[in-house]
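Subject: Structure for you, with notes on its cavity and pocket

Hi there,

Here is the structure I promised to pass on. Please have a look, and then read on for my notes.

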Amino acid sequence: MRLLAILMRRFALLALVVVLAGCSRVPAIADTYPGVEALAEAVIEALARNDRAALEGMALSEREFRDHVWPELPASRPERNLPFSYVWGDLRQKSVAALSETLVRHGGRKYELVRVEFTGRTDYTTYRVHREATLHVRDSEGKSHVLRVCGSFIEKDEAWKVFSYVVDD
């Protein structure tokens, strides 16, 4: 009987540890792609469909930005005195406006991805931001185009997502 009580307490303690570990773990970034080409192809396919909702879903959400990106950004340091809400709000507003322009310019057009290039990247402790994404594509007539439709991509744990649609020209 005493052995049973000890086993039950150990089981309860183990169950508590598992529950607490699950609660404290930051959820993974959702709806990612296994590589840069897969993400770029998904972007140009959503552009061809004029699918704003799909394109917005390919970009970081507020929760993902807060949980994964913000803690490692220099802007998050207390001495910078920049609130999360300001930084996220500014990025989100610019990204939404840039996506609107991109949809006007490229929405409904069908392209085939040739390659993806970046002009820079920044490595953080747990993720990498690939900056100034350039998509080299061909249209239905075989003509080559260079698209700047995403400002940057984020790579974390071998998964890719659009960081933002802000394009700096």
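Below are my notes on the enclosed and open spaces.

This is a predicted model, where local features need pLDDT of at least 70 and side-chain atom pairs count only at pLDDT 80 or more, while totals for chains, interfaces and linings use all residues. Residues are numbered from 1 along each chain as its sequence is written, and side-chain values use heavy atoms, with hydrogens and water left out.

First, the cavity. On a 1 Å grid over the protein atoms alone, a cavity is a set of points where a 1.4 Å probe fits but cannot get out, and a pocket is an open set with protein on both sides within 12 Å along at least five of seven lines; lining residues have an atom within 4 Å of a point. Points are joined across faces, edges and corners, and volume is the space filled by probe spheres set on them. The count is 1 cavity of 30 Å³ or more, and the largest cavity holds about 90 Å³. It has 14 lining residues, with Ala59, Leu60, Arg92, Ser95 and Tyr165 closest to its centre. Helix 5 gives the largest share of that lining, 6 residues (helices are DSSP runs of H or I, at least four residues, numbered from the N terminus).

Now the pocket. The largest one has a volume of about 520 Å³. Among its 24 lining residues, Leu91, Ser152, Phe163, Ser164 and Asp168 lie nearest the centre. Helix 5 again provides the largest share, here 5 residues.

Best wishes

Terms used. Helices (H or I, at least four residues) and strands (E, at least two) are DSSP runs, numbered from the N terminus.
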